[in-house]
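Me: I am new to this structure and should be grateful for a close look at a single part of it. Please set that part in the context of the whole chain.

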Amino acid sequence: MLSTTGIRQSHQTGHIAQAAPHILENHRVTGADDHILRVVAQEIGALEPLIDQLNEFGKPATSFVLSSPKAWAPIPPPDASS
């Protein structure tokens, strides 16, 4: 997650996310944070350069997925017979 310091930094975060193959998703959101990024890395230490880069635009915070008791799934289409 990243809380940016302004609109310019928010847009720069978007550009970084577009260019970085290890950033799988970038969501601009409301609330305390401005962006939620989904990132993959071979090891935790590999995240340090990205965190350092994001520090230029605001305050990054990390969370790690430990398990996924329910994985993402699409919403089923409405029943056509209703």
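Reply: At 13% relative accessibility, Thr4 counts as buried, because buried means under 20% relative accessible area, exposed over 50% and partly exposed in between (1.4 Å probe, protein chains only). This is a predicted model, in which local features need pLDDT of at least 70 and side-chain atom pairs count only at pLDDT 80 or more, whereas totals for chains, interfaces and linings use all residues. Residues are numbered from 1 along each chain as its sequence is written, and side-chain values use heavy atoms, with hydrogens and water left out.

Thr4 belongs to strand 1 (residues 2–4); helices (H or I, at least four residues) and strands (E, at least two) are DSSP runs, numbered from the N terminus. With neighbours within four places in sequence left aside, Thr4 is in contact with Gln9, Ser10, Thr13, Asp34, His35, Phe57 and Gly58, where contact means heavy atoms within 4.5 Å.

The chain as a whole has two helices and four strands, in the order β-α-β-β-α-β from the N terminus on. Buried residues, Thr4 being one of them, make up 22% of the 82 residues. Among contacts between residues at least 6 apart in sequence, 46% join residues at least 24 apart. The C-alpha trace spans about 55 × 30 × 25 Å along its principal axes.

A second residue may be set beside Thr4. Val40 lies in the loop between strand 3 and helix 2, and at 42% relative accessibility Val40 counts as partly exposed. Not counting residues up to four places away in sequence, Val40 touches His22 and Leu24. Val40 and His22 are 18 residues apart in sequence and 5.4 Å apart in space, C-alpha to C-alpha.

There remains the largest pocket. A pocket is an open set of points on a 1 Å grid over the protein atoms alone, where a 1.4 Å probe fits, with protein on both sides within 12 Å along at least five of seven lines; lining residues have an atom within 4 Å of a point. The lining of the largest pocket comprises 21 residues, of which Leu37, Arg38, Val39, Thr62 and Ser63 lie nearest its centre. Strand 2 (23–28), strand 3 (35–39) and helix 2 (48–55) each supply at least two lining residues, and strand 3 gives the largest share, four residues.
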